[in-house]
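Thanks for sharing this one. Here are a few notes to read alongside the sequence and the structure, set out as numbered points.

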Amino acid sequence: MPAPRPAAVAAPVAAPGDAPAADWPGEWLRGVLTLCVLRVLADGATYGYDIAQRLDAAGLGEVKGGTLYPLLGRLHTAGLVREEWRPGEGGPGRKYYELTDDGRERLRRDAAEWARFADLTRTFVTGTEVPR
């Protein structure tokens, strides 16, 4: 006879300001990485390594260059970011990325949609009953 299953316990929901874990499932980060990169760029022009560091510091985990740079290229191709090479101080130059007006609009629109989706998902996943 199988052992009785423990009662379902809702996963804790992180409160704003909680330090999130950095070991999120990859598919979760893939779903929101574009939006997070646009959000970092909303603070001003910066380069890829800084973007990766800021995502990591926010608790999203390490984003490797093989993931980040192709994404930045796609954002550039879509007209959502501008690219500019800037000379380095005593070293090689860096490519800086900056939001365009279309990028700001995309961030505004997608952030609102993401908030709505995240709210719906949280309610669904942590709810006591799935609607029929």
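**Notes on helix α2 and its surroundings**

1. Let's start with helix α2, which spans residues 48–57: its buried residues are Gly-48, Ile-51, Ala-52 and Leu-55. These residues lie on the same side of α2, because they cover an arc of only 95° around the axis. In general, an α-helix has 3.6 residues a turn, so residues three or four places apart point the same way. Please keep in mind as you read on that this is a predicted model.

2. Which residues are exposed on the other side of α2? They are Tyr-49 and Ala-57. Just after the helix, Gly-59 has a positive phi of about 95°.

3. The buried residues of α2 have several packing partners: α1 (26–41), β1 (46–47), α3 (65–77) and β3 (94–99).

4. The pairing with α1 deserves its own point. The two helices, α1 and α2, pack with their axes 10 Å apart and at an angle of about 110°. Since angles of 65 to 115 degrees count as roughly perpendicular, α1 is roughly perpendicular to α2.

5. If you would like to see this contact residue by residue, look at Leu-33, Cys-36, Val-37, Val-40 and Leu-41 on the α1 side, which meet Ile-51, Arg-54 and Leu-55 of α2. The residues of this contact divide into seven nonpolar, one charged and no polar.

6. Now for the interior. The largest nonpolar core contains 22 residues, and those with the most contacts inside it are Val-37, Leu-41, Ile-51, Leu-55, Leu-72 and Leu-75. Two or more residues of this core come from each of α1, α2, α3 and β3. Which element gives the most to this core? That is α1, with nine residues.

7. Leu-41 makes a handy place to zoom in, being one of the residues with the most contacts inside the core. Setting aside neighbours within four places in sequence, Leu-41 is in contact with Thr-46, Ile-51, Leu-72, Val-81, Tyr-97 and Leu-99.

8. Finally, a step back to the whole chain. The secondary structure comes to four helices and three strands, and from the N terminus on the elements run α-β-α-α-β-β-α. Of the 132 residues in the chain, 23% are buried. Among contacts between residues at least 6 apart in sequence, 51% join residues at least 24 apart.

Terms used. Residues are numbered from 1 along each chain as its sequence is written. This is a predicted model: local features need pLDDT of at least 70, side-chain atom pairs count only at pLDDT 80 or more; totals for chains, interfaces and linings use all residues. Side-chain values use heavy atoms; hydrogens and water are left out. Buried means under 20% relative accessible area, exposed over 50%, partly exposed in between (1.4 Å probe, protein chains only). The arc is that of the directions from the helix axis to the C-beta atoms. Contact means heavy atoms within 4.5 Å. Axes are lines fitted to C-alpha atoms, for helices over the stretch in contact, and angles run from 0 to 180 degrees between N-to-C directions. Angles under 35 degrees count as roughly parallel, over 145 as roughly antiparallel, 65 to 115 as roughly perpendicular and the rest as oblique. Ala, Val, Leu, Ile, Met, Phe, Trp, Tyr, Cys and Pro count as nonpolar, Asp, Glu, Lys and Arg as charged, and the others, Gly among them, as polar. A nonpolar core is a set of buried Ala, Val, Leu, Ile, Met, Phe, Trp, Tyr and Cys residues joined through side-chain atoms within 4.5 Å.
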